[in-house]
Amino acid sequence: MHKHNAKQILSSLGIPVLPGILLDQREWNAEKADEIAGDLIEKMALPVMVKPCNLGSSIAVSSAHSLDQLMVSLAGAFVFDREVIVEPFLQDMYELNVSVLDGDLPRLSAIERPRREEELLTFEQKYLKGNKKMSSSRSEGMASLPRDLNPSDVPDSILEQTRSYALKAFRGLDCRGLVRFDFLINAKDGSVYFNEVNPLPGSFSYYLWEAAEPKLPFTELLAELIRLAQEEKKAKQRVRRIMERRLFKEG
């Protein structure tokens with residue numbers, strides 16, 4: 001969930017990422033907010049994205065198009081996290097998300113392009129839209145949002161690049177079980193950038209598997225995850241038994 005470290009690892013493996021500046025809460029001073037924001041603008045031109053480094057669900061994520069907006073965005077993000085990332089804001093972009101399921105040969109789900117009504121896909125859009133009484137309403141997060149599955153108007157080369165990067169990222173981050181990878185696509189030139197990884201228990205991404213080829217219904221997905229977890233446990237137990245036998249033999 002440390003977005004900056006994940007990007008550094010995958011960048012070293014040849015997966016494109018947007019440049020980012022990582023700020024620590026110890027470097028933040030509200031009384032010098034204008035100076036700190038001004039220094040950032042010198043390093044990275046506006047507009048920029050500001051996001052907590054260790055959170056998901058778009059919590060406290062915002063765009064800043066001016067010095068004042070950047071100061072407010074930084075202050076808001078530091079309320080939720082001790083580390084904050086500042087990245088370039090792609091104004092003409094769309095997202096592509098794909099899930100990867102562990103196995104001897106990791107499997108890929110369908111690809112989705114989330115549809116958004118505003119500049120950013122916010123926490124409110126994901127979880128609160130339409131919930132007039134949060135105490136009595138249930139939100140399904142990303143699963144409840146409008147989306148295009150396996151969008152036909154996205155070039156095959158971009159879809160294939162997304163799939164390739166997802167498999168490479170799964171191995172590069174040593175993932176287990178099930179994860180969803182989010183990518184940003186520059187609509188102007190078709191560049192694909194890794195954005196972030198969404199691990200369990202945050203996102204089952206079951207809707208992507210129900211649209212996969214072959215289809216994997218939610219109950220079967222759960223059964224496969226349980227099977228993978230049992231295999232992982234057995235493998236760890238085998239290693240432990242081997243080490244115990246060696247220790248007792250040497251003793």
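Two strands are said to pair here if DSSP finds at least two bridges between them, and in this predicted model that criterion gives a convenient way into the structure, starting from strand S6.

Strand S6, which covers residues 107–114, pairs with S5 in the antiparallel sense over four bridges. Within this pairing, Val98 has Ile111 of S6 as its bridge partner. The two strands form a hairpin, with five residues between them, and Gly103 in the turn has a positive phi of about 160°. S6 is also joined by three bridges to strand S7, residues 147–149, and these two strands again run antiparallel; here Glu112 has Leu149 of S7 as its bridge partner. S6 is mostly covered, since six of its eight residues are buried.

From the strands one can turn to the nonpolar interior. In soluble globular proteins, nonpolar side chains tend to be buried together. The largest nonpolar core in this model has 24 residues, and among those with the most contacts inside it are Leu96, Ile158, Val179, Phe181 and Phe194. The elements that give two or more residues to this core are helix H1 (3–12), strand S5 (93–101), helix H5 (156–172), strand S8 (178–186) and strand S9 (192–199), with H5 giving the most, namely six residues.

Phe194 offers a closer view of this core: leaving aside its neighbours within four places in sequence, Phe194 is in contact with Ala6, Lys7, Leu10, Ile15, Pro16, Val17, Phe181, Asp182 and Phe183. A second core, separate from the one just described, has 18 residues and includes Leu23, Trp28, Met71 and Val84.

Definitions and conventions:
Residues numbered from 1 in each chain as written. Predicted model: local features only at pLDDT ≥ 70, side-chain atom pairs only at ≥ 80, totals over all residues. Heavy atoms only, no water. Core = buried A, V, L, I, M, F, W, Y, C linked by side-chain atoms within 4.5 Å. Buried < 20%, exposed > 50% of the residue type's maximum accessible area, 1.4 Å probe, protein only. Contact = heavy atoms within 4.5 Å.
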